[in-house]
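Open the model in your viewer and keep the selection tool at hand. The tour goes from the whole chain to a few selections within the chain.

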Amino acid sequence: MTEPDTTRSEHPLTSQETPTLDLLARPSGGFAMVAMDQRESLRQMFAAATGRRVDDDTLTGFKLAVAREVGPHASGFLIDQDYGFGQVAAEGMVPGGLIIAVDSLRQEPDGPVEDTSIDDTIDLAAARRAGAVAAKLLLIWRDDEHRQRRLETAAAFVRRCAEAGVLSVLEGVAKPVQGREADFDGPAAIREAAGELAGLLPSLYKAQVPLGGAAPEDRLAEECALLDEKIPVPWVVLSQGVERDDFPAAVRAACRAGASGMLAGRAIWSDVVGSAGTAAELRTRSVPRLLRLASIVDTCARPWNAR
């Protein structure tokens with residue numbers, strides 16, 4: 001496969017510059033970004049692949065391998081402070097825009113993320129000086145008694161990013177209220193979450209793929225068009241919850257409906273977790289997947305500045 005053009009004219013941020021999404025975009029104006037900010041969920045993936053619980057150094061080593069092998073082909077690269085951000089930034093491993101995850105995750109060792117908050121140990125101004133051009137916050141959206149508190153957290157995140165001079169990437173993941181799973185309408189909840197959270201005007205909104213991507217492409221495009229109506233800012237899709245082989249069609253459907261690309265992890269590198277030859281497997285499996293997704297973005301995505 002011919003590698004899509006990743007040439008960019010941007011320079012690192014100076015203290016005076018106001019960032020734009022060009023720092024995370026491909027020349028086409030779309031986004032083909034890699035997420036490598038998973039923490040306990042990545043440890044769970046290693047346990048599933050290897051049958052053992054791995055240590056922090058193993059997580060960091062895998063993240064750095066993804067940064068070295070896959071990062072050069074990504075228009076943006078997301079990583080967390082605890083497992084590799086400092087080294088990725090200091091060594092200039094990724095030419096695309098560097099994004100720091102600022103979410104503190106409430107998660108049992110073997111369970112899903114149940115709630116989040118802003119990690120106040122992260123200094124956004126220092127992250128910018130280190131090389132970050134954006135920050136990302138995951139918000140678990142539920143129609144429960146904590147809904148307003150989560151909305152206030154999201155608003156604080158957008159405000160803090162603006163004050164620090166970095167782009168804000170806000171990710172909303174809709175989940176059912178415990179005990180009310182039978183009444184949960186996933187696509188409607190994704191739209192409602194997007195309306196509230198993207199309405200806070202982050203630089204970029206990161207949305208779930210409706211129906212888990214498990215539907216014909218035209219059906220996904222219809223659902224994504226309804227989602228697009230709720231989002232007043234540029235948006236991308238994530239890959240969690242979508243089967244790896246279904247993700248390219250899901251990205252194409254979302255882009256046809258108005259999305260500007262994707263920020264994804266599992267759909268790119270999940271089957272390399274626990275591999276004996278991580279670097280080689282990333283080169284032969286993950287890089288071609290990312291290049292294919294980048295080609296879809298270049299062909300189908302709405303440029304971010306056309307929003």
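How many helices and how many strands does the protein chain have? The protein chain has 10 helices and 10 strands. Keep in mind that this is a predicted model.

**The whole chain**

Start with the C-alpha trace. Along its principal axes, the trace of the protein chain spans about 50 × 45 × 40 Å. The radius of gyration of the protein chain is 18 Å, which agrees with the value near 19 Å that a compact globule of 307 residues would have.

**α2 against α10**

Now select residues 56–69, which form helix α2, and residues 278–300, which form α10. The axes of α2 and α10 are 10 Å apart, and the two helices pack at an angle of about 50°. Because of that angle, α2 counts as oblique to α10. The crossing of α2 past α10 is right-handed.

Show side chains where these helices touch. On the α2 side, select Phe62, Ala65, Val66 and Glu69; they meet Thr278, Ala279, Leu282, Arg283 and Val287 in α10. Of the residues in this contact of α2 with α10, six are nonpolar, one is polar and two are charged.

**α8 against α10**

Keep α10 on screen and add residues 247–256, helix α8. How is α8 oriented relative to α10, roughly parallel or oblique? The angle between α8 and α10 is about 15°, and their axes are 9 Å apart. An angle under 35 degrees counts as roughly parallel, so α8 is roughly parallel to α10. Here too there is a handedness to look for: α8 passes α10 in a right-handed crossing.

For the contact itself, select Phe247, Pro248, Val251, Arg252, Cys255 and Arg256 in α8. Their partners in α10 are Arg292, Leu293, Ile296, Val297 and Cys300. The residues of the contact of α8 with α10 comprise eight nonpolar, no polar and three charged.

**Ser270**

The last stop is a single residue. Where is Ser270 found? Ser270 is in the loop between α9, residues 266–269, and α10.

Zoom in on the side chain of Ser270. One of its polar atoms lies 2.8 Å from the backbone oxygen of Arg266. Then look for residues that are further off in sequence: leaving out those up to four places away, Ser270 touches Met45, Arg244 and Gly265. Select these three together with Ser270 to see the contacts.

Conventions: Residues are numbered from 1 along each chain as its sequence is written. This is a predicted model: local features need pLDDT of at least 70, side-chain atom pairs count only at pLDDT 80 or more; totals for chains, interfaces and linings use all residues. Side-chain values use heavy atoms; hydrogens and water are left out. Helices (H or I, at least four residues) and strands (E, at least two) are DSSP runs, numbered from the N terminus. A polar contact is a pair of N or O atoms within 3.5 Å; within protein, one must be able to donate a hydrogen and the other to accept it, and residues adjacent in sequence count only if both atoms are side-chain atoms. Contact means heavy atoms within 4.5 Å. Axes are lines fitted to C-alpha atoms, for helices over the stretch in contact, and angles run from 0 to 180 degrees between N-to-C directions. Angles under 35 degrees count as roughly parallel, over 145 as roughly antiparallel, 65 to 115 as roughly perpendicular and the rest as oblique. A crossing is left-handed if the near helix is turned anticlockwise from the far one by less than a right angle, and right-handed if clockwise. Ala, Val, Leu, Ile, Met, Phe, Trp, Tyr, Cys and Pro count as nonpolar, Asp, Glu, Lys and Arg as charged, and the others, Gly among them, as polar. The radius of gyration is taken over C-alpha atoms; the globule rule is 2.2 Å times the number of residues to the power 0.38.
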